[in-house]
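Trainee: I am new to this structure. Can we go through it together, one question at a time?

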Amino acid sequence: MINAAKKVLIVEDDEDIRNLIELYLQNKYEVLSTNDGVEALSVIKEHQPHLILLDVLLPGMNGMDLCEKLRETDMETPVLFLSAKRDFDDKIQGLELGADDYITKPFDPGELMARVHAHLRRNDIFTTQQWPKGNILIAGDLEIDMNSYSVTQNGKPLHLFAKEMQLLLMLAQSPNQVFSTEQLYDSVWGADRFGDLKTVSVHISNLRKKIEKKPAKPQYIITVRGFGYKFSK
């Protein structure tokens, strides 16, 4: 049965791969697809998908540029890159532009389905979670409003991507508690059986660049070697 409330957009120029993904997704989601980056912008504007599967090498506009353009408009729709590029630097670039995940080709369709489901589920939990009114965390020059999912530093708003915000909330709600990389991945990405745990370290690095005065010597998000990360107030 199709879950009409959930739309998944596939942006992939390889017809065989696009058709394969559609085959696996169509029984659970409303599937939209295109093979062109520029056309994808129009589809996104018209249909407002709940998740985007995005190839990197596309005609019209490549996936990296498309993702960057979406994040510049403050669109928080989960974006999962699909790419034949396996180099870690390519993955870092994609995640730094605001992608939520990076899946290398060839991929297992079952794993892809699991990740799509996990991202949609975690995004639902994050966007519908209710906090008590006035629930604001203050740490140094940071002010984290858990109701509006906004962060200010010295009164100036910071723009965090969804996964960065989720990581910050998880850590900041339990100051000085050490979370393992596995715990953070399971809680924020929601796919504990799949995925690259390095995704967590890349997002932590990006988050530090936004909230720390000296990212190399962090004040707030501390690495506990051999164990994970903790938030220090």
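What follows is a short exchange on the main pocket and on helix packing in this predicted model.

Trainee: What is the volume of the largest pocket?

Mentor: Start with its lining. Of 15 lining residues, those closest to the centre are Glu76, Tyr149, Ser150, Leu160 and Met165. The largest pocket has a volume of about 190 Å³.

Trainee: Which kind of residue, nonpolar, polar or charged, has 9 members in the lining of the largest pocket?

Mentor: Take the other kinds before it. The lining has 1 charged residue and 5 polar ones. The kind with 9 is nonpolar.

Trainee: Where does the largest pocket lie with respect to domain 1 and domain 2?

Mentor: Look at the elements that supply the lining. Helix 5 (109-128), strand 8 (150-153), strand 9 (156-158) and helix 6 (162-172) each give at least two residues. Domain 1 (7-126) and domain 2 (136-231) both contribute to the lining, so the largest pocket lies between them.

Trainee: Are helix 2 and helix 3 roughly parallel or roughly antiparallel to each other?

Mentor: Use the angle. The axes of helix 2 (residues 37-47) and helix 3 (residues 63-72) come within 10 Å and cross at roughly 30°. Their crossing is right-handed. Angles under 35 degrees count as roughly parallel, and helix 2 and helix 3 are therefore roughly parallel.

Trainee: Is the crossing of helix 6 and helix 7 left-handed or right-handed?

Mentor: First, the geometry. Helix 6 packs on helix 7 (residues 181-188) at about 120°, with the axes 10 Å apart. The two are therefore oblique to each other. The crossing of helix 6 and helix 7 is right-handed.

Conventions
Residues numbered from 1 in each chain as written. Predicted model: local features only at pLDDT ≥ 70, side-chain atom pairs only at ≥ 80, totals over all residues. Heavy atoms only, no water. 1 Å grid on protein atoms, 1.4 Å probe; cavity = no way out; pocket = protein on both sides within 12 Å on 5 of 7 lines; lining within 4 Å. Points joined across faces, edges and corners; volume = space filled by probe spheres on them. Helix = DSSP H or I, 4+ residues; strand = E, 2+ residues; numbered from the N terminus. Nonpolar A, V, L, I, M, F, W, Y, C, P; charged D, E, K, R; others polar. Domains from an automatic or database assignment. Axes fitted to C-alpha atoms, helices over the stretch in contact; angles between N-to-C directions. Parallel < 35°, antiparallel > 145°, perpendicular 65-115°, else oblique. Left-handed = near helix turned anticlockwise from the far one by under 90°.
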